[in-house]
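Visitor: I'd like to learn how to read a fold from its model. Could you walk me through this one?

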Amino acid sequence: DKTKEVTQHLPCDKIVFYSEEIINNDIWDTTIYQKKLQVGADLGVKMNHAFESCFKNNYKNVVLIGSDVFDLKESHLEEAFEQLEKKDVVMGPALDGGYYLLGLKKRHPEIFINKNWGTSTVRKNTMKHLEKENVHLLPMLNDIDVIEDLKHHPALSKFLPF
């Protein structure tokens with residue numbers, strides 16, 4: 001899995017948040033990754049809960065990534081953590097108008113409510129809530145949301161049915 005490849009060697013704590021149930025004996029080695037269950041009805045509630053649980057456990061800089069970004073590199077994550085030392089927020093913008101990475105050093109529950117998740121307005125509306133914060137933007141990447149997104153990746157396009 002691409003996400004495992006780019007995260008396993010990072011010198012930080014790593015948590016995998018499962019959507020339905022925690023699976024034992026999968027690719028996520030429990031000596032490297034903690035396993036927790038997502039909580040909430042929509043993506044915003046789930047992301048907010050993930051941040052909240054990390055801050056409650058005294059983490060200072062928290063970076064949340066999706067598992068659907070084939071172009072993600074370890075260097076993007078290193079840059080995110082480096083920038084969180086200087087900036088309030090780090091965001092990895094996605095080509096579709098959303099974001100593939102969000103890094104916070106404090107709670108921002110307002111950025112997770114009243115969003116049309118999965119639409120081209122998510123990043124713009126999130127940035128409105130962050131206008132008073134010092135935000136660092138990472139390079140724009142393509143996340144894999146729909147089958148057409150596979151066309152952008154030669155290694156994945158072989159799985160297209162046409």
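Guide: Start by counting elements: the chain has 5 helices and 6 strands. Keep in mind that this is a predicted model. Next, take the order in which the elements come; here the pattern along the sequence is α-β-β-α-β-α-β-β-α-β-α.

Visitor: How much of the chain is buried?

Guide: Of the 162 residues, 40% are buried. For the surface, the exposed area is about 9,400 Å², and carbon and sulfur atoms supply 51% of that. It also helps to ask how far apart in sequence the contacting residues lie. Take the contacts between residues at least 6 apart: 52% of them join residues at least 24 apart.

Visitor: Now the sheet. What is the order of the strands?

Guide: With a sheet, you go across it, strand by strand, and ask who pairs with whom. This one is an open sheet of 4 strands in the order β3-β5-β4-β6, and the pairing is mixed. At the edges stand β3 and β6 (135–137), each with a single partner strand, so each has one side without a neighbour in the sheet. From one strand to the next, the twist averages 15 degrees.

Visitor: Where does the mixed pairing show up?

Guide: Look at the two partners of β4. The strands β4 and β5 run antiparallel, joined by 5 bridges, while β4 and β6 pair in the parallel sense over 3 bridges. The β4–β5 pair is a hairpin with 5 residues between the strands, and G97 in the turn has a positive phi of about 100 degrees.

Visitor: Which residues stand opposite M91?

Guide: Check both neighbouring strands. M91 has L102 opposite in β5 and L137 opposite in β6. Also on the β5 side, V89 stands opposite L104.

Visitor: Are the residues of β4 buried or exposed?

Guide: For a strand, sort the residues by the way they point, then check each set. In β4, V89, M91 and P93 point one way, V90 and G92 point the other way, and all of them are buried. That makes 5 of 5 residues in this strand buried.

Visitor: Which helices lie across the sheet?

Guide: Compare the direction of each helix with that of a strand. Helix α3 (residues 74–84) lies across β3, β4, β5 and β6, at about 150 degrees to β3. Helix α4 (residues 122–129) lies across β4, β5 and β6, at about 165 degrees to β4.

Visitor: How do I tell which side of a helix is covered?

Guide: An α-helix has 3.6 residues a turn, so residues three or four places apart point the same way. Now try that on α4, where V122, R123 and T126 are buried. These residues cover an arc of only 90 degrees around the axis, which puts them on the same side of α4. K124 and K128, on the other side of α4, are exposed. The cover over the buried residues of α4 includes β4 and β5.

Visitor: Which residues have the most contacts inside the largest nonpolar core?

Guide: For a core, ask who sits in it and which elements contribute. The largest nonpolar core here has 18 residues, and F51, Y99, L102, L104 and F112 have the most contacts inside it. Elements giving two or more residues are α2 (43–56), β3 (62–65), β4 (89–93) and β5 (99–104). The most come from α2, with 5 residues. There's also a second, separate core of 13 residues, with L10, L77, A80 and V90 among them.

Visitor: What is Y99 in contact with?

Guide: Skip the neighbours within four places in sequence, and the contacts of Y99 are M47, M91, G92, P93, A94, F112, W117, V122, R123 and T126. You've already met V122, R123 and T126 as buried residues of α4.

Visitor: Let's try single residues. Is T7 buried or exposed?

Guide: Go by relative accessible area, with buried meaning under 20%. T7, in helix α1 (residues 2–7), comes out at 8%, so T7 is buried. Beyond four places away in sequence, T7 touches K14, W28, Y33, I65 and L77.

Visitor: And what touches H76?

Guide: H76 is in helix α3 and is also buried, with a relative accessible area of 8%. Leaving aside neighbours within four places, H76 is in contact with D71, Y100, L138, P139 and L141.

Notes:
Residues are numbered from 1 along each chain as its sequence is written. This is a predicted model: local features need pLDDT of at least 70, side-chain atom pairs count only at pLDDT 80 or more; totals for chains, interfaces and linings use all residues. Side-chain values use heavy atoms; hydrogens and water are left out. A nonpolar core is a set of buried Ala, Val, Leu, Ile, Met, Phe, Trp, Tyr and Cys residues joined through side-chain atoms within 4.5 Å. Buried means under 20% relative accessible area, exposed over 50%, partly exposed in between (1.4 Å probe, protein chains only). Contact means heavy atoms within 4.5 Å. Two strands pair if DSSP finds at least two bridges between them. Axes are lines fitted to C-alpha atoms, for helices over the stretch in contact, and angles run from 0 to 180 degrees between N-to-C directions. The arc is that of the directions from the helix axis to the C-beta atoms. Accessible areas come from the Shrake-Rupley method with a 1.4 Å probe; for residues, only the protein chains shown count as cover.
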